[in-house]
Amino acid sequence: MNSPGWIIQQLELGPMMNLVYLLGCPETGIAAVVDPAWDVESILRAVRQQDLRIGHILVTHAHPDHVNGLEEMLEATDAAVWVNAEEMTYTRNMARIYQIPLDFLDRRAQNFHSVSDGEQIMVGNIPVLCIHTPGHSPGSQCFLAGRHLFSGDTLFFGACGRVDLPGSDPSRMWHSLNRKLKILEDDIILHPGHSYGDRSTSTLGEQKRNNPYMQIDSAESFVRAMGAG
Ligand SMILES: [Fe+2]
């Protein structure tokens, strides 16, 4: 389902070409921010300009370039933060490497919600499906709202996220791309976590046909192709 009035705004922020998104429900005025990072003031300004109120923060994964605005965002709002359960555990384990201040997570524990594959979040009247897509990180997830897929660092235009980082797993990435995302419908619009490449828009159908990482027929071949096997 898709409603014509849904507000979807993309902001490119920070030195790593991160893409932050607003998803707004026109009927309730409630918005979600996908991966708040780098420039919270710009995000808040965009929300105000759209006459929305932030009720939710959707975290595709917990790498700092996607969540380094989270603390500031929670000082400005009382939003519910939705993180995949595996990413929550992983973040705690990796806090030292990624320099994530866990006291902040504990202090705002009531805002954080762990979600699993297949769970649905309501952003106002917009149903958003959480799809667990591990590979780039253990608890990476994509969010599907109608015909819009927010894919974080799992799927880019013509590429996929790195699988050589701590917590990465190329075999799980193959499964996420070729078993979980490939079964979604072709006309879904892709909203990735970085603006890599020379495209500003693409559909899942286009990626299924042309993205080399969605053409590999087994996890074993994928692992070998990524140089990890
Ligand atoms: Fe990442």
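**Exercise 1. Find the strand that holds leucine 155, decide whether this residue is buried or exposed, and list what it touches.**

*Step 1.* Leucine 155 sits in strand β11, residues 155-156. Helices (H or I, at least four residues) and strands (E, at least two) are DSSP runs, numbered from the N terminus. The model you are looking at is predicted: local features need pLDDT of at least 70, side-chain atom pairs count only at pLDDT 80 or more, and totals for chains, interfaces and linings use all residues. Residues are numbered from 1 along each chain as its sequence is written, and side-chain values use heavy atoms, with hydrogens and water left out.

*Step 2.* The relative accessibility of leucine 155 is 0%, so this residue counts as buried. Buried means under 20% relative accessible area, exposed over 50%, and partly exposed in between (1.4 Å probe, protein chains only).

*Step 3.* Leaving aside neighbours within four places in sequence, leucine 155 is in contact with Leu177, Leu181, Leu190, Pro192, Leu204, Asn211 and Met214. Contact means heavy atoms within 4.5 Å.

*Step 4.* Take one partner from that list: methionine 214 is 59 residues away along the chain, yet the two C-alpha atoms are separated by 9.6 Å.

**Exercise 2. Work out which residues surround phenylalanine 222.**

*Step 1.* Start with the address: phenylalanine 222 belongs to helix α8, residues 219-225.

*Step 2.* Its relative accessible area is 0%, so phenylalanine 222 is buried.

*Step 3.* Not counting residues up to four places away in sequence, phenylalanine 222 touches Cys160, Pro170, Met173, Trp174, Leu177, Tyr213 and Ile216.

*Step 4.* Now look at serine 171: it lies 51 residues from phenylalanine 222 in sequence and 7.1 Å from it in space, C-alpha to C-alpha.

**Exercise 3. Explain why strand β9 is largely enclosed, and name its partner strands.**

*Step 1.* Five of the five residues of β9 (residues 141-145) are buried, so the strand is largely enclosed by the rest of the structure.

*Step 2.* Here is a handy rule: in a regular strand the side chains alternate between the two faces of the sheet. In β9, Gln141, Phe143 and Ala145 lie on one side and Cys142 and Leu144 on the other, and both faces are covered.

*Step 3.* Two strands pair if DSSP finds at least two bridges between them. Strand β8 (residues 126-132) runs antiparallel to β9 and is joined to it by four bridges. On the other hand, three bridges join β9 to β10 (residues 148-152), again antiparallel.

*Step 4.* Follow leucine 144 through both pairings: it is the bridge partner of leucine 129, and it stands opposite leucine 149 in β10.

*Step 5.* Finish at the turn. The hairpin of β9 and β10 has two residues between the strands, and glycine 146 takes a positive phi near 55 degrees.

**Exercise 4. Describe the surroundings of histidine 132.**

*Step 1.* Histidine 132 is found in strand β8. With a relative accessible area of 10%, histidine 132 is buried.

*Step 2.* Its side chain reaches the backbone oxygen of proline 138 at 2.8 Å.

*Step 3.* Beyond four places in sequence, the residues in contact with histidine 132 include Asn84, Glu86, Asp117, Arg172 and Lys180.

**Exercise 5. Identify the element that gives the most to the largest nonpolar core.**

*Step 1.* A nonpolar core is a set of buried Ala, Val, Leu, Ile, Met, Phe, Trp, Tyr and Cys residues joined through side-chain atoms within 4.5 Å. The largest one has 27 residues, and Ile57, Met73, Val81 and Phe112 have the most contacts inside it.

*Step 2.* Among the elements giving two or more residues are β1 (7-13), β2 (18-24), α1 (40-49) and α3 (70-76). The answer is α1, which gives the most, with five residues.

*Step 3.* Check the helix itself: Val40, Ser42, Ile43, Leu44, Ala46 and Val47 are buried in α1, and the buried residues of this helix pack against β1, β2, β3, β4 and α3.

*Step 4.* Look from the other side too: methionine 73 is in contact with residues including Val40, Ile43 and Leu44, with neighbours within four places in sequence left aside.

*Step 5.* Two of the strands that α1 packs against, β1 and β2, pair in the antiparallel sense over seven bridges. Isoleucine 8 has leucine 23 in β2 as its bridge partner.

Key
A polar contact is a pair of N or O atoms within 3.5 Å; within protein, one must be able to donate a hydrogen and the other to accept it, and residues adjacent in sequence count only if both atoms are side-chain atoms.
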